[in-house]
Amino acid sequence: MSDTAHKILEENVGNIVLIKTREGVALRGKLKSFDQHLNIVLDDTEEIRSDGTVRKLGLVVIRGDNVILISPITE
C-alpha cells in the first residue's frame with residue numbers, strides 16, 4: 001500500500017467510506033480499522049444493491065484482496 005493510500009485511510013478511520021469488491025458488491029460503513037494487506041473492518045455496514053435497495057449487515061470484515069475501490073463519503 002502506498003504512503004498516500006495509507007494516509008487517506010488513516011484520516012478516515014471513524015468516517016463513512018464506500019467500498020467496492022471484485023464481485024461488484026458495494027458496501028457503505030464506518031471504517032473501524034485496516035491493516036497493511038488492506039483487510040478492512042467496517043461497522044454499521046450496508047450493502048447497496050444494484051436495484052438501489054439497501055441491506056443492513058452491521059459489523060463486517062473484508063479481506064483486502066477482494067477490494068478494488070475505497071472512497072471516503074463526504075457530506
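Thr-45 is situated in strand E3, and this residue offers a convenient point of entry into the structure, which is a predicted model. Its relative accessible area is 1%, under the 20% limit, so Thr-45 is buried. A polar atom of the Thr-45 side chain lies 3.3 Å from the backbone oxygen of Leu-42. Beyond its neighbours within four places in sequence, Thr-45 is in contact with Leu-27, Arg-28 and Gly-29, and also with Arg-55, Lys-56, Leu-57, Gly-58 and Val-60.

The setting of this residue follows from the overall architecture. The secondary structure of the chain consists of 1 helix and 5 strands, arranged along the sequence in the pattern α-β-β-β-β-β. The radius of gyration is 12 Å, close to the 11 Å that the globule rule gives for 75 residues, so the chain is as compact as a globular protein of that length. Taken along the principal axes, the C-alpha atoms fill a box of roughly 35 × 25 × 20 Å. Of the 75 residues, 25% are buried. The accessible surface of the chain is about 5000 Å², and carbon and sulfur atoms account for 49% of that surface. Among contacts between residues at least 6 apart in sequence, 38% join residues at least 24 apart.

Strand E3 pairs with two other strands. With E2, the pairing is antiparallel and extends over 7 bridges. In the hairpin that E2 and E3 form, 5 residues lie between the strands, and Leu-38 adopts a positive phi near 70 degrees. E3 and E4 likewise pair in the antiparallel sense, over 7 bridges. The hairpin of E3 and E4 has 5 residues between its strands, and here Gly-52 has a positive phi near 95 degrees. Val-41 has Val-61 in E4 as its bridge partner.

Glu-46, in strand E3, illustrates how side chains accompany these pairings. Across from Glu-46 in E3 stands Arg-28, and the two side chains make a polar contact at 2.6 Å. The Glu-46 side chain makes a further polar contact, at 3.0 Å, with the side chain of Lys-56. Glu-46 counts as buried because its relative accessibility is 17%, below the 20% limit. Leaving aside residues within four places in sequence, Glu-46 is in contact with Ala-26, Leu-27 and Arg-28, as well as with Val-54, Arg-55, Lys-56 and Leu-57.

Gly-58, found in strand E4, is one of the contacts of Thr-45. How exposed is Gly-58? Its relative accessibility is 26%, and therefore Gly-58 counts as partly exposed. Although Gly-58 and Asp-44 are 14 residues apart in sequence, their C-alpha atoms are 4.4 Å apart in space. Outside its neighbours within four places in sequence, Gly-58 is in contact with Leu-42, Asp-43, Asp-44 and Thr-45.

On the other side of the E2–E3 pairing, attention turns to Leu-31, which belongs to strand E2 (residues 26-34). Leu-31 counts as buried because its relative accessibility is 1%. Its C-alpha atom is separated by 6.1 Å from that of Ile-16, a residue 15 places away along the chain. When neighbours within four places are set aside, the contacts of Leu-31 comprise Leu-9, Asn-12, Val-13, Gly-14, Asn-15 and Val-17, together with Ile-40, Val-41 and Leu-42.

Which residues make up the largest nonpolar core? This core has 11 residues: Leu-9, Val-17, Ile-19, Leu-27, Leu-31, Phe-34, Ile-40, Leu-42, Val-60, Ile-62 and Val-67. At least two of its residues come from each of strand E1 (16-21), E2, strand E3 (40-48) and strand E4 (54-62). E2 supplies the largest share, 3 residues. In soluble globular proteins, nonpolar side chains tend to be buried together. Val-67, one of the core residues, touches Ile-19, Lys-20, Leu-38, Ile-40 and Ile-62, not counting residues up to four places away in sequence. Leu-38, among these contacts, is the residue with positive phi in the hairpin of E2 and E3.

How values were computed: Residues numbered from 1 in each chain as written. Predicted model: local features only at pLDDT ≥ 70, side-chain atom pairs only at ≥ 80, totals over all residues. Heavy atoms only, no water. Helix = DSSP H or I, 4+ residues; strand = E, 2+ residues; numbered from the N terminus. Buried < 20%, exposed > 50% of the residue type's maximum accessible area, 1.4 Å probe, protein only. Contact = heavy atoms within 4.5 Å. Core = buried A, V, L, I, M, F, W, Y, C linked by side-chain atoms within 4.5 Å. Polar contact = N/O pair within 3.5 Å; in protein donor to acceptor, adjacent residues only side chain to side chain. Rg over C-alpha atoms; globule rule 2.2 N^0.38 Å. Areas by Shrake-Rupley, 256 points an atom, 1.4 Å probe, with all protein chains shown as cover. Pairing = 2+ DSSP bridges.
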